[in-house]
Amino acid sequence: MESARHEREARLAAAAAAIGAAVLTPIFLSLRSIPDLTSYYHLAVARLYASHGLVRALPWARFSLLGVRLGDKELFFHLLLIPFSGSPAGGRGALLLLNLAVIAAI
């Protein structure tokens, strides 16, 4: 009985993600930019990690505390973003996948 419930919940989550993908994919692909400005920061940090490895400071944030000492509280998020960090289109793709994961989890 418990396994049937889990299977039903998994099918429901997959259906929700599929419906979300059908609705959200055209929307996200039609965007010229990412609507959330902090997304560009996260993509830039992921790009920096991809090219220079883990760093302790952000050279382009020299007037901020992050320019001197980076305490990256989103380290694993930035590492997961590395494959998407090449362009804003990759960032929109990552945003789409994160939204679909949230829809499936709900």
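This note goes through a predicted model point by point, from confidence to individual residues.

1. Ground rules. In this predicted model, local features need pLDDT of at least 70 and side-chain atom pairs count only at pLDDT 80 or more, while totals for chains, interfaces and linings use all residues. Residues are numbered from 1 along each chain as its sequence is written, and side-chain values use heavy atoms, with hydrogens and water left out.

2. Confidence. The mean pLDDT (the predictor's confidence in each residue, from 0 to 100) is 80 for the protein. A value of 70 or more is reached by 86% of its residues. Helix 3 (residues 65–68) has the lowest confidence, with a mean of 65. Helix 4 (residues 75–81) has the highest, at 89.

3. Fold. The protein has 5 helices and 0 strands. Both are DSSP runs numbered from the N terminus: helices are H or I with at least four residues, strands are E with at least two. The pattern along the sequence is α-α-α-α-α. Take contacts (heavy atoms within 4.5 Å) between residues at least 6 apart in sequence: 58% of them join residues at least 24 apart.

4. Surface and burial. About 7,500 Å² is exposed, and carbon and sulfur atoms supply 68% of that area. Accessible areas come from the Shrake-Rupley method with a 1.4 Å probe; for residues, only the protein chains shown count as cover. Of the 106 residues, 25% are buried. Buried means under 20% relative accessible area, exposed over 50%, and partly exposed in between (1.4 Å probe, protein chains only).

5. Core. The largest nonpolar core has 5 residues: Val-45, Leu-48, Tyr-49, Leu-58 and Ala-61. Such a core is a set of buried Ala, Val, Leu, Ile, Met, Phe, Trp, Tyr and Cys residues joined through side-chain atoms within 4.5 Å. Not counting residues up to four places away in sequence, Val-45 touches Leu-58, Trp-60, Asp-72 and His-78.

6. His-78. This residue sits in helix 4. His-78 counts as buried because its relative accessibility is 0%. Leaving aside neighbours within four places in sequence, His-78 contacts Tyr-41, His-42, Val-45, Ala-46, Tyr-49 and Asp-72. Two of these names, Val-45 and Tyr-49, also appear in the core list.

7. Salt bridges. The whole structure yields 2. The criterion is a side-chain nitrogen of Lys or Arg within 4 Å of a carboxyl oxygen of Asp or Glu. Arg-5 pairs with Glu-9, with the closest N and O atoms 3.3 Å apart. Arg-11 pairs with Glu-7, where the corresponding distance is 2.9 Å. Arg-5 and Glu-9 are 4 residues apart in helix 1, so about one helical turn separates them. Arg-11 and Glu-7 are likewise 4 residues apart in helix 1, about one helical turn. Arg-5 is partly exposed at 41%, Glu-9 at 35% and Glu-7 at 48%.

8. Nonpolar patch. Ile-19, Val-23 and Ile-27 make a nonpolar surface patch of about 280 Å². Patches use residues with over 30% relative accessible area and no salt bridge; like charges are joined within 9 Å, nonpolar side chains (Val, Leu, Ile, Met, Phe, Trp, Tyr) within 5 Å. Ile-19 belongs to helix 1 (residues 2–30). Its relative accessible area is 57%, so Ile-19 is exposed.

9. Ala-101. This residue lies in helix 5 (residues 88–105). Ala-101 is partly exposed, at 45% relative accessibility. Its C-alpha atom is 9.7 Å from that of Ala-14, although the two are 87 residues apart along the chain.
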